[in-house]
Amino acid sequence: MSTQFANKVALITGGGSGIGRAIALAFAARGTAVAIGDIDPEGGAETVRLIEKKGSVGFFRVVDVTDSTAVEAFVTAVYQQFGRLDFAVNNAGIEGSNGRKITQYDQEMFEQVMDINVNGVWHSLRAELPIMEQQGHGVIVNIASIAGLLAMPRNAAYAASKHAVIGLTRSAALEYIRKGIRINAVCPGYTNTPMVARGFAQNPVMGEQLVNMIPARRLGKPEEIAGAVMYLCSDEAAFMVGQTMVLDGGIEAA
(Lines give C-alpha, C1' and ligand atoms only; values in the text may rest on other atoms or scores of the structure.)
Protein backbone atom coordinates (compact mmCIF):
# COMPACT_ATOMS: atom_id res chain seq x y z
CA MET A 1 0.00 0.00 0.00
CA SER A 2 1.47 3.34 -1.07
CA THR A 3 2.03 5.85 1.72
CA GLN A 4 1.27 8.56 -0.86
CA PHE A 5 -2.39 7.52 -0.80
CA ALA A 6 -2.96 5.79 2.55
CA ASN A 7 -5.08 7.64 5.10
CA LYS A 8 -6.00 10.32 2.57
CA VAL A 9 -9.35 11.28 1.03
CA ALA A 10 -10.51 11.27 -2.58
CA LEU A 11 -13.75 12.65 -4.02
CA ILE A 12 -15.15 11.43 -7.34
CA THR A 13 -18.18 12.67 -9.24
CA GLY A 14 -19.88 10.15 -11.49
CA GLY A 15 -18.44 7.32 -9.42
CA GLY A 16 -21.42 5.00 -9.71
CA SER A 17 -20.16 3.11 -12.77
CA GLY A 18 -17.59 2.90 -15.54
CA ILE A 19 -14.43 4.98 -15.32
CA GLY A 20 -15.54 6.70 -12.12
CA ARG A 21 -16.00 3.38 -10.34
CA ALA A 22 -12.64 2.08 -11.58
CA ILE A 23 -10.95 5.22 -10.24
CA ALA A 24 -12.72 4.82 -6.89
CA LEU A 25 -11.50 1.24 -6.57
CA ALA A 26 -7.96 2.18 -7.55
CA PHE A 27 -7.90 4.73 -4.74
CA ALA A 28 -9.43 2.23 -2.32
CA ALA A 29 -6.78 -0.36 -3.15
CA ARG A 30 -4.17 2.18 -2.10
CA GLY A 31 -5.77 2.84 1.28
CA THR A 32 -7.58 6.06 0.40
CA ALA A 33 -11.02 6.85 1.79
CA VAL A 34 -13.30 7.52 -1.20
CA ALA A 35 -16.36 9.75 -1.43
CA ILE A 36 -18.68 9.17 -4.39
CA GLY A 37 -21.20 11.57 -5.88
CA ASP A 38 -23.60 10.27 -8.53
CA ILE A 39 -27.21 10.63 -9.64
CA ASP A 40 -27.65 6.83 -9.51
CA PRO A 41 -28.30 5.65 -5.93
CA GLU A 42 -27.91 1.96 -6.76
CA GLY A 43 -24.68 2.46 -8.68
CA GLY A 44 -23.24 4.66 -5.96
CA ALA A 45 -24.15 2.18 -3.23
CA GLU A 46 -22.56 -0.66 -5.21
CA THR A 47 -19.35 1.33 -5.63
CA VAL A 48 -19.23 1.94 -1.88
CA ARG A 49 -19.72 -1.79 -1.27
CA LEU A 50 -16.79 -2.56 -3.56
CA ILE A 51 -14.65 0.12 -1.87
CA GLU A 52 -15.34 -1.42 1.52
CA LYS A 53 -14.60 -4.88 0.14
CA LYS A 54 -11.09 -3.60 -0.56
CA GLY A 55 -10.79 -2.63 3.10
CA SER A 56 -11.18 1.12 2.65
CA VAL A 57 -13.85 3.61 3.72
CA GLY A 58 -16.60 4.64 1.32
CA PHE A 59 -19.03 7.56 1.37
CA PHE A 60 -21.89 8.19 -1.05
CA ARG A 61 -24.34 10.98 -1.69
CA VAL A 62 -26.77 11.46 -4.57
CA VAL A 63 -25.53 14.53 -6.44
CA ASP A 64 -26.64 16.26 -9.63
CA VAL A 65 -23.54 18.16 -10.79
CA THR A 66 -25.68 20.69 -12.68
CA ASP A 67 -26.94 21.93 -9.29
CA SER A 68 -24.20 24.12 -7.83
CA THR A 69 -25.82 24.14 -4.39
CA ALA A 70 -25.97 20.33 -4.31
CA VAL A 71 -22.34 20.04 -5.41
CA GLU A 72 -21.20 22.49 -2.73
CA ALA A 73 -23.21 20.60 -0.10
CA PHE A 74 -21.64 17.31 -1.21
CA VAL A 75 -18.07 18.60 -1.09
CA THR A 76 -18.73 20.26 2.27
CA ALA A 77 -20.19 17.02 3.65
CA VAL A 78 -17.10 15.11 2.53
CA TYR A 79 -14.83 17.61 4.24
CA GLN A 80 -16.90 17.53 7.42
CA GLN A 81 -16.89 13.73 7.40
CA PHE A 82 -13.16 13.27 6.86
CA GLY A 83 -11.58 16.59 7.80
CA ARG A 84 -9.55 16.82 4.59
CA LEU A 85 -9.73 16.58 0.80
CA ASP A 86 -6.55 15.40 -0.89
CA PHE A 87 -7.76 14.33 -4.33
CA ALA A 88 -10.75 15.23 -6.49
CA VAL A 89 -11.69 13.61 -9.80
CA ASN A 90 -14.38 15.46 -11.73
CA ASN A 91 -15.69 12.66 -13.91
CA ALA A 92 -19.49 13.01 -14.24
CA GLY A 93 -20.58 13.37 -17.84
CA ILE A 94 -22.95 12.24 -20.60
CA GLU A 95 -22.45 11.55 -24.29
CA GLY A 96 -25.47 13.32 -25.76
CA SER A 97 -26.82 12.36 -29.19
CA ASN A 98 -24.46 10.77 -31.70
CA GLY A 99 -24.86 10.90 -35.46
CA ARG A 100 -26.56 14.28 -35.81
CA LYS A 101 -25.27 17.30 -37.68
CA ILE A 102 -25.09 20.61 -35.86
CA THR A 103 -28.21 21.92 -37.59
CA GLN A 104 -30.13 18.77 -36.59
CA TYR A 105 -28.96 18.66 -32.98
CA ASP A 106 -31.72 19.01 -30.42
CA GLN A 107 -31.28 22.25 -28.49
CA GLU A 108 -32.41 20.79 -25.17
CA MET A 109 -29.95 17.91 -25.51
CA PHE A 110 -27.11 20.25 -26.48
CA GLU A 111 -27.74 22.38 -23.41
CA GLN A 112 -27.95 19.31 -21.17
CA VAL A 113 -24.59 18.01 -22.41
CA MET A 114 -22.96 21.37 -21.78
CA ASP A 115 -24.65 21.71 -18.39
CA ILE A 116 -23.46 18.34 -17.10
CA ASN A 117 -20.07 18.09 -18.81
CA VAL A 118 -18.93 21.72 -18.47
CA ASN A 119 -20.95 23.39 -15.73
CA GLY A 120 -20.65 20.19 -13.67
CA VAL A 121 -16.85 20.46 -13.72
CA TRP A 122 -17.00 24.19 -13.02
CA HIS A 123 -19.34 23.71 -10.06
CA SER A 124 -17.08 20.98 -8.71
CA LEU A 125 -13.93 23.08 -9.03
CA ARG A 126 -15.58 26.02 -7.28
CA ALA A 127 -16.48 23.80 -4.33
CA GLU A 128 -13.21 21.85 -4.14
CA LEU A 129 -10.63 24.58 -4.63
CA PRO A 130 -11.34 26.69 -1.52
CA ILE A 131 -10.90 23.64 0.72
CA MET A 132 -7.64 22.65 -0.96
CA GLU A 133 -6.40 26.24 -0.87
CA GLN A 134 -7.11 26.40 2.85
CA GLN A 135 -5.18 23.15 3.34
CA GLY A 136 -2.33 24.32 1.15
CA HIS A 137 -2.35 21.18 -0.95
CA GLY A 138 -4.48 19.02 -3.24
CA VAL A 139 -4.66 17.34 -6.63
CA ILE A 140 -7.54 17.59 -9.09
CA VAL A 141 -8.01 15.52 -12.23
CA ASN A 142 -10.75 16.41 -14.69
CA ILE A 143 -11.93 13.67 -17.03
CA ALA A 144 -12.03 15.09 -20.54
CA SER A 145 -11.82 12.99 -23.74
CA ILE A 146 -10.00 12.69 -27.03
CA ALA A 147 -13.14 14.47 -28.24
CA GLY A 148 -11.64 17.51 -26.51
CA LEU A 149 -8.58 17.33 -28.75
CA LEU A 150 -9.97 16.20 -32.10
CA ALA A 151 -12.83 17.15 -34.40
CA MET A 152 -15.88 14.95 -33.82
CA PRO A 153 -18.29 15.30 -36.75
CA ARG A 154 -21.91 14.54 -35.83
CA ASN A 155 -21.10 14.74 -32.13
CA ALA A 156 -20.65 18.49 -31.72
CA ALA A 157 -22.08 18.90 -28.23
CA TYR A 158 -19.84 16.27 -26.67
CA ALA A 159 -16.77 17.56 -28.50
CA ALA A 160 -17.51 21.16 -27.53
CA SER A 161 -18.04 20.18 -23.90
CA LYS A 162 -14.78 18.25 -23.64
CA HIS A 163 -12.80 21.03 -25.33
CA ALA A 164 -14.25 23.28 -22.64
CA VAL A 165 -13.16 20.88 -19.87
CA ILE A 166 -9.59 21.09 -21.12
CA GLY A 167 -9.81 24.89 -21.18
CA LEU A 168 -11.10 24.94 -17.60
CA THR A 169 -8.34 22.56 -16.55
CA ARG A 170 -5.56 24.68 -18.00
CA SER A 171 -6.90 27.96 -16.66
CA ALA A 172 -7.49 26.60 -13.15
CA ALA A 173 -4.09 24.88 -13.15
CA LEU A 174 -2.28 28.17 -13.72
CA GLU A 175 -4.40 30.00 -11.18
CA TYR A 176 -3.76 27.51 -8.37
CA ILE A 177 -0.35 25.89 -8.83
CA ARG A 178 1.27 28.41 -6.46
CA LYS A 179 -1.38 27.55 -3.88
CA GLY A 180 -0.06 24.00 -3.74
CA ILE A 181 -2.83 22.57 -5.93
CA ARG A 182 -2.06 20.61 -9.09
CA ILE A 183 -4.74 20.29 -11.76
CA ASN A 184 -4.54 18.11 -14.89
CA ALA A 185 -6.90 16.25 -17.22
CA VAL A 186 -7.15 12.75 -18.62
CA CYS A 187 -8.44 12.24 -22.16
CA PRO A 188 -9.75 8.71 -22.63
CA GLY A 189 -10.51 7.35 -26.05
CA TYR A 190 -13.23 4.76 -26.64
CA THR A 191 -13.36 2.82 -23.39
CA ASN A 192 -15.40 -0.21 -22.37
CA THR A 193 -17.98 1.61 -20.24
CA PRO A 194 -21.79 1.71 -20.09
CA MET A 195 -21.69 4.99 -22.03
CA VAL A 196 -19.83 3.47 -24.98
CA ALA A 197 -21.89 0.26 -24.76
CA ARG A 198 -25.09 2.32 -25.20
CA GLY A 199 -23.73 3.88 -28.39
CA PHE A 200 -22.58 0.55 -29.80
CA ALA A 201 -25.93 -1.06 -28.99
CA GLN A 202 -27.72 1.63 -31.00
CA ASN A 203 -25.49 1.09 -34.01
CA PRO A 204 -23.45 -2.17 -33.90
CA VAL A 205 -22.01 -1.63 -37.39
CA MET A 206 -20.70 1.81 -36.47
CA GLY A 207 -19.33 0.33 -33.24
CA GLU A 208 -17.34 -2.24 -35.19
CA GLN A 209 -16.04 0.45 -37.53
CA LEU A 210 -14.95 2.57 -34.57
CA VAL A 211 -12.97 -0.28 -33.03
CA ASN A 212 -11.28 -0.85 -36.40
CA MET A 213 -10.34 2.86 -36.38
CA ILE A 214 -8.34 2.38 -33.19
CA PRO A 215 -4.72 1.44 -33.98
CA ALA A 216 -4.71 -0.87 -30.93
CA ARG A 217 -7.84 -2.56 -32.35
CA ARG A 218 -9.59 -2.69 -29.00
CA LEU A 219 -11.45 -0.53 -26.51
CA GLY A 220 -9.67 0.86 -23.50
CA LYS A 221 -10.28 -0.59 -20.06
CA PRO A 222 -11.63 1.61 -17.24
CA GLU A 223 -8.77 0.32 -15.08
CA GLU A 224 -6.27 1.74 -17.58
CA ILE A 225 -7.82 5.19 -17.25
CA ALA A 226 -7.78 4.80 -13.48
CA GLY A 227 -4.07 4.00 -13.63
CA ALA A 228 -3.41 7.31 -15.38
CA VAL A 229 -5.39 9.16 -12.71
CA MET A 230 -3.35 7.44 -9.99
CA TYR A 231 -0.17 8.60 -11.67
CA LEU A 232 -1.38 12.19 -11.92
CA CYS A 233 -2.32 12.12 -8.24
CA SER A 234 1.05 10.68 -7.21
CA ASP A 235 4.21 12.47 -6.14
CA GLU A 236 5.86 11.22 -9.33
CA ALA A 237 3.67 13.65 -11.30
CA ALA A 238 4.53 16.65 -9.11
CA PHE A 239 5.82 18.68 -12.08
CA MET A 240 2.77 18.02 -14.30
CA VAL A 241 0.58 21.12 -14.36
CA GLY A 242 -2.32 21.86 -16.71
CA GLN A 243 -1.61 18.84 -18.91
CA THR A 244 -3.89 16.47 -20.83
CA MET A 245 -2.89 12.81 -20.62
CA VAL A 246 -4.24 10.86 -23.62
CA LEU A 247 -5.16 7.16 -23.45
CA ASP A 248 -6.79 6.32 -26.75
CA GLY A 249 -5.05 3.29 -28.28
CA GLY A 250 -3.28 5.51 -30.78
CA ILE A 251 -6.20 7.42 -32.34
CA GLU A 252 -4.71 10.88 -31.93
CA ALA A 253 -1.32 9.77 -33.22
CA ALA A 254 -2.72 8.14 -36.35
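This is a short tour of some salt bridges and one helix pair in a predicted model.

**Stop 1: the charged pairs**

Side chains of opposite charge can pair when their charged atoms come close. How many salt bridges does a search of the whole structure find? The search turns up 4, and we will visit some of them.

Start by selecting Arg84 and Asp86. These two residues form a salt bridge, and their closest N and O atoms are 2.8 Å apart. Is Asp86 buried or exposed? With a relative accessibility of 3%, Asp86 is buried, because the limit for that label is under 20%. Its partner Arg84 is partly exposed, at 29% relative accessible area.

Next, select Arg218 and Glu224. Here, too, you will find a salt bridge, with 2.8 Å between the closest N and O atoms. Glu224 has a relative accessibility of 31% and counts as partly exposed. Arg218 is also partly exposed, at 39%.

**Stop 2: a bridge across the sequence**

Now select Lys179 and Glu133. The closest N and O atoms of this salt bridge are 3.5 Å apart. Where do the two residues lie? Lys179 is in the loop between helix H5 (156-176) and strand S6 (181-188), while Glu133 belongs to helix H4 (residues 107-135), so the pair ties together parts that are 46 residues apart in sequence. Colour the two residues and you can check their surroundings: Lys179 is partly exposed, with 40% relative accessible area, and Glu133 is partly exposed as well, with 33%.

**Stop 3: helices H4 and H5**

Keep Glu133 in view and show the whole of H4 (residues 107-135) together with H5 (156-176). The axes of H4 and H5 are 8 Å apart, and the helices pack at an angle of about 15 degrees. Because the angle is under 35 degrees, H4 counts as roughly parallel to H5. Their crossing is right-handed.

To see the contact itself, turn on side chains. On the H4 side, the residues that take part include Phe110, Val113, Met114, Trp122, Leu125 and Leu129. Glu133, which you met at the previous stop, is also one of the H4 residues in this contact. On the H5 side, look for residues including Ala157, Tyr158, Ala160, Val165, Leu168 and Tyr176.

What kinds of residues make up the contact of H4 with H5? Colour them by type and you should find 17 nonpolar, 2 polar and 2 charged residues. Among the H5 residues in the contact, Lys162 and Ser161 are worth selecting too.

Note on methods:
Residues are numbered from 1 along each chain as its sequence is written. This is a predicted model: local features need pLDDT of at least 70, side-chain atom pairs count only at pLDDT 80 or more; totals for chains, interfaces and linings use all residues. Side-chain values use heavy atoms; hydrogens and water are left out. A salt bridge is a side-chain nitrogen of Lys or Arg within 4 Å of a carboxyl oxygen of Asp or Glu. Buried means under 20% relative accessible area, exposed over 50%, partly exposed in between (1.4 Å probe, protein chains only). Helices (H or I, at least four residues) and strands (E, at least two) are DSSP runs, numbered from the N terminus. Axes are lines fitted to C-alpha atoms, for helices over the stretch in contact, and angles run from 0 to 180 degrees between N-to-C directions. Angles under 35 degrees count as roughly parallel, over 145 as roughly antiparallel, 65 to 115 as roughly perpendicular and the rest as oblique. A crossing is left-handed if the near helix is turned anticlockwise from the far one by less than a right angle, and right-handed if clockwise. Contact means heavy atoms within 4.5 Å. Ala, Val, Leu, Ile, Met, Phe, Trp, Tyr, Cys and Pro count as nonpolar, Asp, Glu, Lys and Arg as charged, and the others, Gly among them, as polar.
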